[in-house]
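Work through the exercises below with the model open in your viewer. Try each task before you read its solution.

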Amino acid sequence: MSRNSVNDCGIIELPRIMGRSGNITAVEPHLNIPFEIERIYYLYDVPGGAERGGHAHKNLRQLIVSASGSFDVILDDGIDKKQITLNRPYSGLLIVPGIWRELSNFSSGAVCLVLASLRYDESDYIRDYGDFLKYVRI
Ligand code: TYD
């Protein structure tokens with residue numbers, strides 16, 4: 001298995017259709033993101049100081065967007081770490097499989113929109129950091 005690194009993750013600038021009465025960003029599989037979208041979910045009403053994530057996925061690909069407000073994402077491949085602040089609805093963070101992620105510093109009213117390549121499947125999660133290190137070091 002070739003291991004993914006935090007450098008395989010990164011910001012995808014999404015198109016903006018700007019208008020006097022507001023802007024639109026559209027995301028289309030393969031045109032803007034390198035996977036089919038099987039699921040969309042969003043995090044909201046995150047209390048101040050709360051942390052989300054704290055897991056990795058074996059196969060899931062995701063594009064994470066701050067639809068409103070801001071939050072930080074820490075990515076970790078078991079060797080390197082990278083911290084990214086998401087605060088624009090037209091900047092998506094691509095996260096590839098095999099990357100531990102933690103989300104924190106949610107601003108009041110932040111909405112974290114996630115486009116995901118697979119349906120929800122608990123068996124795709126690695127929720128223990130020790131298990132994650134074993135998984136990526138095989
Ligand atoms: P989890 O992915 O651990 O949330 P986060 O990464 O934001 O901290 O999911 C939290 C709970 O929600 C967990 O019990 C699984 C459930 N869940 C679903 O049922 N379907 C989904 O699509 C997602 C993302 C989570």
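**Exercise 1. Find which strands each supply at least two residues of the shell around the ligand, then list the polar approaches.**

Solution. This is a predicted model, so every value here is computed from predicted atoms.

- Step 1. Start with the strands. β4 (39-43) and β5 (52-57) each supply at least two residues of the shell around the ligand.
- Step 2. List the shell. The residues around the ligand are R39, Y41, L43, R52, G53, H55, Y120, Y125 and R127.
- Step 3. Check the arginines. An N or O atom in the R39 side chain sits 2.5 Å from an oxygen atom of the ligand. For the side chain of R52, the distance from an N or O atom to a ligand oxygen is 3.0 Å.
- Step 4. Add the tyrosine. Y125 places a polar side-chain atom 2.6 Å from an oxygen atom of the ligand.
- Step 5. Look at the cover. The ligand taken alone exposes 530 Å², and the protein buries 62% of that.

**Exercise 2. Decide whether S91 is buried or exposed, and find what surrounds this residue.**

Solution.

- Step 1. Place the residue. S91 belongs to strand β9, which covers residues 91-95.
- Step 2. Apply the cut-off. Buried means under 20% relative accessible area. S91 has 6% relative accessibility, so it counts as buried.
- Step 3. List the contacts. Leaving out residues up to four places away in sequence, S91 touches I11, I12, E13, I64, V65 and L86.
- Step 4. Pick out the polar contact. The side chains of S91 and E13 make one at 3.3 Å.
- Step 5. Relate that to strand pairing. E13 also stands opposite S91 in β9.

**Exercise 3. Which strands does β9 pair with, and how well is β9 covered?**

Solution.

- Step 1. Take β1 (residues 10-13). β1 and β9 run antiparallel and are joined by 4 bridges.
- Step 2. Take β6. 4 bridges also join β6 to β9, again antiparallel. Q62 has I95 as its bridge partner in β9, and V65 has G92.
- Step 3. Recall what holds such pairs. Strands of a sheet pair through backbone hydrogen bonds.
- Step 4. Count the buried residues. In β9, 5 of the 5 residues are buried, so the strand is largely enclosed by the rest of the structure.
- Step 5. Check each face. S91, L93 and I95 are buried on one side, and G92 and L94 are buried on the other.
- Step 6. Move on to β6 (residues 62-68). This strand is mostly covered, with 5 of its 7 residues buried.
- Step 7. Find another partner of β6. Strand β11 (residues 111-116) pairs with β6 in the antiparallel sense over 6 bridges. There, I64 stands opposite V114.

**Exercise 4. Trace the strand order of the open sheet of 5 strands, and find what stands at its edges.**

Solution.

- Step 1. Read the order. The open sheet runs β8-β7-β10-β5-β12, with antiparallel pairing.
- Step 2. Find the edges. β8 (81-86) and β12 (125-126) each have a single partner strand, so one side of each is left without a neighbour in the sheet.
- Step 3. Look inside the sheet. β7 (residues 71-76) and β10 (residues 100-104) pair antiparallel over 5 bridges. I74 has E102 as its bridge partner in β10.
- Step 4. Inspect one residue of an edge strand. K81 lies in β8. Exposed means over 50% relative accessible area. K81 has 62% relative accessibility, so it counts as exposed.
- Step 5. List its contacts. K81 touches V6, L75 and D76, not counting residues up to four places away in sequence.

**Exercise 5. How many helices and strands does the chain have, and is it as compact as a globular protein of its length or not?**

Solution.

- Step 1. Count the elements. The chain has 1 helix and 12 strands.
- Step 2. Compare the radius of gyration with the globule rule. The chain gives 15 Å, close to the 14 Å that the rule gives for 138 residues, so it is as compact as a globular protein of that length.
- Step 3. Check the interior. Buried residues make up 41% of the 138 residues.
- Step 4. Check the contacts. Of those with a separation of 6 or more, 77% are between residues 24 or more positions apart.
- Step 5. Finish with the surface. The accessible surface of the chain is about 7900 Å², and 48% of it belongs to carbon and sulfur atoms.

Definitions and conventions: Residues are numbered from 1 along each chain as its sequence is written. This is a predicted model: local features need pLDDT of at least 70, side-chain atom pairs count only at pLDDT 80 or more; totals for chains, interfaces and linings use all residues. Side-chain values use heavy atoms; hydrogens and water are left out. Buried means under 20% relative accessible area, exposed over 50%, partly exposed in between (1.4 Å probe, protein chains only). A polar contact is a pair of N or O atoms within 3.5 Å; within protein, one must be able to donate a hydrogen and the other to accept it, and residues adjacent in sequence count only if both atoms are side-chain atoms. Contact means heavy atoms within 4.5 Å. Two strands pair if DSSP finds at least two bridges between them. The radius of gyration is taken over C-alpha atoms; the globule rule is 2.2 Å times the number of residues to the power 0.38. Accessible areas come from the Shrake-Rupley method with a 1.4 Å probe; for residues, only the protein chains shown count as cover. A residue is near a molecule or strand if one of its heavy atoms lies within 4 Å of it.
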